[in-house]
Amino acid sequence: MNDPDAKPTKNLRQETVRVLLPLPLGDGYDYLVPPSLTLGKGSFVTVPLGRKEEVIGIVWDEGSGKVEASKLKAITSVLDLAPLDETTRRFVDWVAGYTLTPAGSILKMVLGGQLRPLKDKDKLPCTLADFKTNLSFPRKRESSAECQRGKRLMSAADAAQLDSRFRGNDEVGENNAQNILSEYGNYIDTLAPVLSPEQESAAAALTAAVKDNTFSVTLLDGVTGSGKTEVYGEALAQCFKDGRQALLLLPEIAMTAALFSRLEARFGLAPTLWHSGLTEKQRRLNWHAIKQGKARFILGARSALFLPYADLGLIVVDEEHEGAYKQEEGVIYHGRDMAVVRANVGAIPIVLASATPSLETLHNVQQGKYRHLILRRRFGEASMPTIKIIDLRHEKMPTQSFISDPLLQALQSAVENGQQAMLFLNRRGYAPLTLCRACGLRLQCPSCTSWMIEHKRTGRLHCHQCGYNMTVPKACPTCGAEDKFAACGPGIERIAEEIAVRLPEARTAIMASDTIADAKAAQAMVKQMDDHAIDLLIGTQIMAKGYHFPRLTTVGVIDADLGLAGGDPRAAERTFQLLQQVAGRSGRAEEAGTVYLQTTNPDHPVMRALMAGERDAFMQAEMRERKNYHLPPFGRLATITVAGADKQQVIDIARHIAAASPQNKNMRILGPAPAPFAILRGKHRYRLMVQAGRGVSLSSAIGAWLAPLPLPRTIKVQVDIDPYSFL
Ligand code: ADP
Ligand code: ZN
C-alpha cells in the first residue's frame with residue numbers, strides 16, 4: 001500500500017520514549033512522541049518538566065511503561081543537533097551504575113554543564129589544523145633537537161594556504177579531505193623530535209596500538225625527564241594522521257597551561273581546552289567543535305572524559321598516579337579509572353603515563369592486563385638527581401627557623417651559580433596553626449573540624465575546607481588574654497619570609513593553588529621561570545607535576561615526613577610518589593640536580609627507597625602489605641558517608657544503615673565512625689567502610705542495600721566506590 005501521507009519512518013516506532021534529563025533525577029521520564037517529530041535514540045529534544053516549559057534532554061530508550069501513556073506529556077521539539085552517539089550513552093549508563101549516581105548527573109557532564117546551542121555568529125575553534133600563519137615558537141627552545149625542529153617548519157605562506165583549505169573542509173570532497181590529511185601528516189612529521197632508541201621503541205609500540213584501533217591499556221613508565229610527553233606525542237600524531245580525535249588528560253588546570261605551547265609547537269595546532277576555568281563562550285564553542293569532530297586535539301581535566309566526541313581514537317592520561325584525578329564531590333569518580341572504561345566502551349587504546357605509577361596500575365601490569373613500556377634514562381645529557389637526606393634530629397635550628405644550614409648553603413650556591421632552586425612544602429599559607437600562648441587554645445573553623453590557617457597574603461585566617469575567613473582576634477575567645485596569638489609551624493609563606501631574611505639576594509616566587517588561581521597565572525609563572533626572572537620557587541604540590549625548568553638544579557623538601565602522618569595505608573605510596581615527582585623537577589638539562597630531604601625519619605622505607613632509587617622494591621613491599629590486609633587492589637573498598645546538621649540524627653541513620661547491611665560473608669562493614677573531617681561546612685559526618693573480596697560487585701551490593709532505606713531529607717548519603725584514601 002502506498003500512502004502519500006505516510007510520516008517519515010522513525011527509528012523508534014514506540015509512541016513513548018524515555019528521555020534522560022541532565023538533572024539528578026534518576027533514569028529520566030517517559031514522554032509521548034508526537035507524530036510530527038522524527039527522532040531516535042540519542043536525539044536531543046526539549047520536553048516540559050514540572051512548571052518548566054522546555055528542558056533539554058536526550059532520547060535514551062523506548063518508554064519504560066511505568067506510567068500510563070494517557071498521563072504522559074509530549075516531547076516539544078527535536079533540536080538541530082546530531083544524536084548523541086551510542087558509545088557516550090553506554091558510557092553514561094556504565095558510570096552511573098558503577099558510581100551509584102543518577103544517570104542524569106553524568107549526562108550533565110556530557111552536555112558540559114548546561115547545553116547551549118550555537119549562535120549564528122559563532123565561529124568554531126580549530127578545524128583539523130588551526131595553523132598559525134606564523135608558527136613562531138612562543139618559548140625559546142633549549143635543546144638542539146628542538147632547534148632543528150624549528151628550522152624545518154613550514155613556511156608561513158604554505159601554512160596559511162593549508163589552513164585556509166582546512167577551514168573550507170566542509171565543502172571539500174572526500175578525496176580532497178584525504179589529500180589534506182596526508183599533507184598534514186607529512187607536515188607534523190617534520191615537527192617530530194628525533195627520538196632516542198629507547199624512546200623510539202616505546203613510541204613504535206604506542207603508534208602500533210593506535211593503528212590497531214581496538215581497546216588496549218599501556219603503561220608508559222618512564223623516569224622523570226625521560227621524554228614521556230615526546231613519546232606519547234607520537235601516538236597522538238598517529239591519531240591525527242588517521243583523521244581522528246585524541247584526548248590528553250592532565251590532573252590539573254595549571255599543567256594544561258604549562259604544556260599548551262609545547263604541544264601546539266609539536267602538532268602545529270592549538271589544543272582545544274576543556275576544564276572548569278573556561279568562559280561560558282569558550283565552553284559553548286569547544287563543546288560543539290568536539291561534538292562535530294572539528295576539534296581534533298582535546299587537552300583537558302578529568303571532566304573532558306565525558307564529552308560527546310565525534311570520533312575519539314586515543315586517550316592519554318598523564319601523571320596517572322595523581323590523586324587529583326579523583327573527584328570527591330558531586331559525582332564521585334576516579335578520572336583515570338573512568339578513562340580506562342571510556343576506552344573500553346569505545347574500543348580504543350589508552351595510554352597511562354607516569355614516573356611513579358600507582359600501585360593499582362602496576363598490579364594490572366603484573367596481572368598481564370596492561371602493557372608496560374619502560375623508559376629508564378633521562379633524555380639527552382641529563383642524569384637522575386642525587387638525593388640527600390638531612391637528618392633534622394642532628395641539625396641545630398633556631399626556633400621559628402625551618403631551613404637547615406646545609407639546605408640553605410645548597411640554595412645559595414645554586415643561586416650564585418646562575419641556577420634555579422625550588423623549596424617544597426605541602427602547606428599553603430603562613431602557619432598551619434594559630435594558638436593562644438596564654439591558654440593553648442587553637443583557633444578552629446566554626447563550621448569544620450579544621451584549624452584556621454594564617455595567610456599573610458590576605459592578612460586573615462582561612463579555613464582550607466570551607467573558605468571561611470576572619471581577622472586574627474585581638475583577645476582570645478576562651479581566656480580573654482590580648483595579643484597572645486602566635487603562629488605555629490611553617491607554611492610556604494613563612495618559608496618565603498625566612499628566605500627573604502637568610503638569602504635576600506634570591507628572587508623568589510610562591511606557587512600554590514591560591515597564588516596560581518588559573519591557567520593564565522600558571523603560564524605567567526612558567527614564563528618567569530623560563531626567563532630566569534625567578535631564582536627560587538617556593539610552593540606546594542601543584543609545582544611538583546610535569547613542569548620542565550631546564551635551569552632548575554636544586555630542590556629542597558622542607559618536611560619530607562609531612563604526608564606520612566595520619567595512618568592512611570596509602571600514605572607511604574602517596575608520599576613516595578609526591579617526593580619522587582618533586583625531586584624529578586631538578587637536573588633536567590645539562591646541569592646535574594640534587595634534592596635535599598629534611599626529615600626526622602631517615603630510616604623510613606619511603607626515604608630509603610627515594611635515596612636508593614628503588615621504586616620497584618618499595619612498591620613490591622607496599623603491595624605485600626596491601627595483600628596481607630586485603631586492601632585494594634587485592635580486595636575492594638567503598639565508603640558510605642552520612643551527613644547532616646543534626647549530629648544525633650546522623651549517628652542514628654548511620655547505625656540504621658549498618659544494621660540493614662546485607663548478610664554476605666565476602667563483605668565486612670566497619671563503623672559507623674566519625675569521618676576524617678567529622679564536621680564540614682556545618683554538617684556532621686559519619687562513615688561506614690565496606691570491605692569486600694575482589695569478586696564482589698560493590699556497586700550493585702550497596703545499591704541494593706541502600707535503595708529501600710527511607711532517608712529523611714535532612715540527611716545526605718554519599719557512596720564512594722574505590723575511595724582514594726583508605727583511612
Ligand atoms: P617527562 O614527561 O618524561 O618528565 P619530558 O617529555 O618533559 O619528560 O621531556 C623532558 C625534556 O626533554 C623536554 O624538554 C623534552 O622536550 C626533551 N626531550 C625529550 N625527548 C626528546 C627528544 N627525543 N628530542 C628532543 N627533546 C627531547
Ligand atoms: Zn571551615
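Me: Ala, Val, Leu, Ile, Met, Phe, Trp, Tyr, Cys and Pro count as nonpolar, Asp, Glu, Lys and Arg as charged, and the others, Gly among them, as polar. How many residues of each class does the shell around ligand 1 have?

Reply: Happy to help! Keep in mind that this is a predicted model. In the shell around ligand 1 there are 6 nonpolar, 8 polar and 5 charged residues.

Me: Which residues come nearest to ligand 1?

Reply: There are 19 residues around ligand 1, and those that come nearest are Val-194, Gly-225, Lys-228, Glu-230 and Arg-262. You can also sort the shell by helix: H3 (144–151) and H7 (228–241) each give at least two residues to it. The largest share, 3 residues, is from H7.

Me: Which atoms of the protein should I look at around the nitrogen and oxygen atoms of ligand 1?

Reply: Try three places. At Val-194, a polar backbone atom is 2.8 Å from a nitrogen atom of the ligand. At Gln-199, a polar side-chain atom lies 2.9 Å from a nitrogen atom of ligand 1. At Lys-228, an N or O atom of the side chain is 2.8 Å from an oxygen atom of the ligand. As for cover, ligand 1 has 550 Å² of accessible area on its own, and the protein covers 93% of that.

Me: Let's turn to salt bridges. How many does the structure hold?

Reply: First the idea: side chains of opposite charge can pair when their charged atoms come close. This structure holds 30 salt bridges. Take the one between Arg-502 and Asp-405, with 2.9 Å from N to O. Arg-502 belongs to helix H13 (residues 492–502) and Asp-405 to helix H12 (residues 405–416), so this pair ties together parts that are 97 residues apart in sequence.

Me: Are the partners in such pairs buried or exposed?

Reply: Let's look at two pairs, using relative accessible area: under 20% is buried, over 50% is exposed, and partly exposed is in between. Arg-502 has 26%, so the label is partly exposed, and Asp-405, with 40%, is partly exposed too. Now look at Lys-456 and Glu-454, whose side chains form a salt bridge of 3.4 Å, N to O. Lys-456, at 46%, is partly exposed, whereas Glu-454, at 13%, is buried.

Me: Which residues are linked in a network of salt bridges?

Reply: Look for Glu-360, Arg-570, Glu-573 and Arg-626, which such a network links.

Me: What can I read from the backbone angles at Asp-483 and Gln-400?

Reply: Look at the sign of phi. Asp-483 is not a glycine, but its phi is positive, about 55 degrees. Asp-483 sits in the loop between strand E20 (469–470) and strand E21 (485–488), and its side chain forms a salt bridge with Lys-474, where the closest N and O atoms are 2.9 Å apart. Gln-400, also not a glycine, has a positive phi of about 65 degrees. Gln-400 is in the loop between strand E15 (386–391) and H12, and with a relative accessible area of 52% it is exposed.

Me: Where can I find cis peptide bonds?

Reply: Check omega. The bond that joins Pro-632 and Pro-633 is cis, with omega about 5 degrees. Pro-633 lies in the loop between helix H17 (615–628) and strand E26 (635–644). The bond from Gly-671 to Pro-672 is cis as well, with omega near 10 degrees, and Pro-672 is part of strand E27 (residues 667–680).

Notes
Residues numbered from 1 in each chain as written. Chains lettered and ligands numbered in written order. Predicted model: local features only at pLDDT ≥ 70, side-chain atom pairs only at ≥ 80, totals over all residues. Heavy atoms only, no water. Salt bridge = Lys/Arg side-chain N within 4 Å of Asp/Glu carboxyl O. Helix = DSSP H or I, 4+ residues; strand = E, 2+ residues; numbered from the N terminus. Buried < 20%, exposed > 50% of the residue type's maximum accessible area, 1.4 Å probe, protein only. Near = heavy atom within 4 Å. Polar contact = N/O pair within 3.5 Å; in protein donor to acceptor, adjacent residues only side chain to side chain. Areas by Shrake-Rupley, 256 points an atom, 1.4 Å probe, with all protein chains shown as cover.
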